[in-house]
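User: I should like to understand the terms used for a structure of this kind. May I ask about them one at a time?

Analyst: Certainly; the structure is shown here.

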Amino acid sequence: MKIPTTLKHKPVIISENYERVDGRYANATDAKGLSLGLAQWNDRGKVDISAKVWRYTGEKWSRQSEELPLHRVLDLAILVSRSMLHFREAYRYPDLYDPDHPVIDRVGLQGDAMTVAVCTDNEHIREDMKLFRQALSQDDELIGERLRTLSRILKEMGY
């Protein structure tokens with residue numbers, strides 16, 4: 001499906017037909033494309049790049065299409081990766097985390113740090129941690145393939 005070019009987000013680099021590779025939702029998703037382009041929130045003289053997931057309801061482009069600044073996309077990748085690393089060792093704890101130390105990591109960014117922590121305000125955290133681990137396990141092949149691909153590209157880039 002062709003990504004629209006007449007809306008506020010201006011696509012520059014695109015991945016059309018994303019519905020074919022959308023993880024376990026492949027061939028049964030409303031996410032029809034991904035793009036990197038000029039952000040819809042740009043003001044005159046200011047240009048930001050954003051990533052966008054294009055959703056199509058079958059009749060029109062959905063308002064649920066998401067647009068994120070690139071640094072947030074990467075921050076989410078860091079959060080996913082650090083969470084997966086936590087769950088590799090989480091079996092050591094009865095609740096899959098240490099309730100006395102819910103902070104998993106502090107990832108240094110821009111002179112401060114992004115805190116990665118278990119959400120202890122969630123009243124169902126014990127059950128949800130188990131469900132989260134189960135979902136990670138079920139999607140391990142899908143996520144692992146994408147992480148290996150990302151690792152290979154980052155190495156090609158010199159990172």
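User: Which residue in β6 does D105 stand opposite?

Analyst: D105 stands opposite V116 in β6. Please note that this is a predicted model, in which local features need pLDDT of at least 70 and side-chain atom pairs count only at pLDDT 80 or more, while totals for chains, interfaces and linings use all residues. Residues are numbered from 1 along each chain as its sequence is written, and side-chain values use heavy atoms, leaving out hydrogens and water.

User: What makes β5 and β6 a pair of strands?

Analyst: Two strands pair if DSSP finds at least two bridges between them. Here 6 bridges join β5 to β6, so the two strands count as paired. They run antiparallel, and their hairpin has 2 residues between the strands.

User: How many helices and strands does the protein chain have, and how are they defined?

Analyst: Helices (H or I, at least four residues) and strands (E, at least two) are DSSP runs, numbered from the N terminus. The protein chain has 3 helices and 6 strands, and from the N terminus on they follow the order β-β-β-β-α-β-β-α-α.

User: What is noteworthy about the phi of Q110?

Analyst: Most residues other than glycine have a negative phi. Q110 is not a glycine, yet its phi is positive, at about 55°. Q110 belongs to the loop between β5 and β6 (112-117). L96 also has a positive phi, near 70°, and is a residue other than glycine; its place is in the loop between α1 (70-89) and β5 (103-109).

User: Why is L96 called buried, and why is Q110 called exposed?

Analyst: Buried means under 20% relative accessible area, exposed over 50%, and partly exposed in between (1.4 Å probe, protein chains only). L96 has 3% relative accessibility, which is under the limit of 20%, so L96 is buried. Q110 has a relative accessible area of 86%, which is over 50%, so Q110 is exposed.

User: Why is L150 called partly exposed?

Analyst: L150, in helix α3 (residues 140-156), has a relative accessible area of 38%. That value lies between 20% and 50%, so L150 is partly exposed.

User: What makes the set containing L96 a nonpolar core?

Analyst: A nonpolar core is a set of buried Ala, Val, Leu, Ile, Met, Phe, Trp, Tyr and Cys residues joined through side-chain atoms within 4.5 Å. The largest such core has 9 residues: M84, F87, A90, L96, Y97, V118, I125, M129 and L136. The elements that give two or more residues to this core are α1 and α2 (125-138), and the largest share, 3 residues, comes from α2.

User: What is I125 in contact with, beyond its neighbours within four places in sequence?

Analyst: Contact means heavy atoms within 4.5 Å. Beyond those neighbours, I125 is in contact with Y97, V118 and C119.

User: How do you know that S50 and H9 form a polar contact?

Analyst: A polar contact is a pair of N or O atoms within 3.5 Å; within protein, one must be able to donate a hydrogen and the other to accept it, and residues adjacent in sequence count only if both atoms are side-chain atoms. The side chains of S50 and H9 are joined at 3.1 Å, which is within 3.5 Å, so the distance satisfies the definition. S50 lies in strand β3 (residues 49-55) and is buried, with a relative accessible area of 0%.
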